Every structure is written in structure tokens, then in C-alpha cells.
Amino acid sequence: MKKILLLMLLVAAVIVGGCAGDNTKPDIKPQEAKQISYIVYRPAADGSQKLLPEKITMPDNGKSLPENALLTLITKKPVSDKMESLVPQGTKVLGLKVNKDGTAYADFSKEIVKRGEGSYNEFMLTGAIVNTLTEFPEIKRVQILVDGKKVTSIGGYMDLEEPLERNTTLLQK
């Protein structure tokens with residue numbers, strides 16, 4: 001009986017030992033999220049009619065670089081106090097479409113239309129939008145839309161009926 005009991009213990013030990021195998025986990029490193037980078041242009045806080053570049057690096061969220069840049073420009077505050085945001089509070093990006101001819105249609109909520117903000121604010125805000133989007137080679141010009149429709153102006157000072165092209169005279173050298 002002792003021999004049978006001893007044999008059963010030995011068999012059990014072999015089975016348990018064999019089943020346990022190598023319990024070490026494979027050396028799998030978590031995959032780091034892919035980073036994307038782009039430039040947005042923001043008005044200088046000193047009122048000098050210059051747009052300053054702000055480099056943004058963030059995890060890839062599956063959106064296009066131009067869409068991310070536009071969303072950052074409209075919804076995020078500048079990281080430097082040398083820059084300011086002239087985007088009226090509550091403004092949302094409703095969409096961004098780029099045609100094969102290089103025209104981007106940037107659609108904003110009605111909050112972007114603010115009367116009484118002044119010609120400087122309208123000029124610098126439209127300049128920031130256009131120069132940010134034309135930073136990407138596939139975009140040559142930008143048509144600003146409000147609620148999906150062309151507008152004559154967003155502040156009463158600039159003609160926005162036709163697409164706008166990059167204005168390099170605004171860019172700080």
C-alpha cells in the first residue's frame with residue numbers, strides 16, 4: 001500500500017510539474033502610440049501683425065494632419081504667452097474637406113462670426129486658419145464656411161466669398 005501511495009504521489013508530482021511548464025510571460029513591450037507633428041500659426045500677442053509657428057506633437061488619433069491642425073488652432077489655447085488665440089469662444093470645427101484641386105473647405109460653427117471684434121482680429125484669425133492649413137502640400141487655398149455655407153465675411157471687414165491663399169507676409173521670419 002505504501003508503494004502504491006508513493007507511486008501515486010510521484011506520478012502526481014510529475015503531472016503537476018509538467019503542467020506548470022514555463023510560467024514566464026513572453027517579453028512583450030507595450031507598443032508606443034505613433035506620434036504626429038504639425039505646425040499651427042497663431043497671432044503674436046504683442047499685436048505686431050505677425051503669425052508665430054507653434055509646433056504640436058501628439059499621439060496619432062487617426063485623423064488627418066490638416067484636420068488635427070485645424071482642431072488644435074480652434075479648440076486649444078497657445079502654449080506660449082507670446083501667442084494669442086483670436087477664436088471666438090464656443091467656435092467649433094464642423095468639418096474639413098480638401099478637393100483634388102487643392103481647395104480646402106473649412107467649416108465652422110456660427111460662433112466664429114463675431115461683429116465688432118475689429119479688422120485686426122478678423123485679418124489675423126483668417127490668416128491663422130489659412131496659413132495653418134496651407135502648411136500642408138495638398139492644400140493650396142482655403143474657403144471658410146459657416147454652418148456649411150459660404151460667407152461674405154466673419155467680422156465685416158474681409159471678403160471671404162472666394163478661397164484665400166497663403167499670406168507669407170504674416171509669417172514671422
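This is a short tour of a predicted model, from the whole chain to two salt bridges and one helix.

**Whole chain**

Start with everything shown, coloured by secondary structure. The protein has three helices and seven strands. Follow the chain from its start and the elements come in the order α-β-β-α-β-β-α-β-β-β.

Now switch on the surface. The accessible area is about 11100 Å², and carbon and sulfur atoms account for 56% of that. Of the 173 residues, 37% count as buried.

Contacts come next. Take those between residues at least 6 apart in sequence: 63% of them join residues at least 24 apart.

**Salt bridges**

Hide the surface and show charged side chains. How many salt bridges are there? The count comes to two.

Select R42 and E54 for one of them. These two residues form a salt bridge, with 2.3 Å between the closest N and O atoms. R42 sits in strand β1, residues 35-43, and E54 in strand β2, residues 51-59. The partners are 12 residues apart, and the pair links distant parts of the chain. Are R42 and E54 buried or exposed? Both R42 and E54 are buried.

Move on to E135 and R166. Their side chains meet in a salt bridge, at 2.8 Å from N to O. E135 lies in the loop between α3 (119-133) and β5 (141-146), while R166 lies in the segment after β7 (164-165), so the pair ties together parts that are 31 residues apart in sequence.

Check the cover here as well. E135 has 31% relative accessibility; buried means under 20% and exposed over 50%, so E135 counts as partly exposed. R166 is partly exposed too, with a relative accessible area of 28%.

**Helix α3**

Step back from E135 to α3, residues 119-133, which comes before its loop. Select the helix and draw a line between its end C-alpha atoms. α3 has 15 residues and reaches 21 Å from the first C-alpha to the last. That span is close to the 21 Å expected at 1.5 Å a residue.

Now colour α3 by accessibility. How many of its 15 residues are buried? The number is 12, which leaves the helix mostly covered. Pick out the buried residues along the helix: N121 and E122, then M124, L125 and T126. G127, A128, I129 and V130 are also buried, as are N131, T132 and L133.

**Last view**

Finish with both salt bridges and α3 on screen together. R42 and E54 are buried, whereas E135 is partly exposed and R166 is partly exposed.

Definitions and conventions:
Residues numbered from 1 in each chain as written. Predicted model: local features only at pLDDT ≥ 70, side-chain atom pairs only at ≥ 80, totals over all residues. Heavy atoms only, no water. Salt bridge = Lys/Arg side-chain N within 4 Å of Asp/Glu carboxyl O. Helix = DSSP H or I, 4+ residues; strand = E, 2+ residues; numbered from the N terminus. Buried < 20%, exposed > 50% of the residue type's maximum accessible area, 1.4 Å probe, protein only. Expected span 1.5 Å × (residues − 1). Contact = heavy atoms within 4.5 Å. Areas by Shrake-Rupley, 256 points an atom, 1.4 Å probe, with all protein chains shown as cover.
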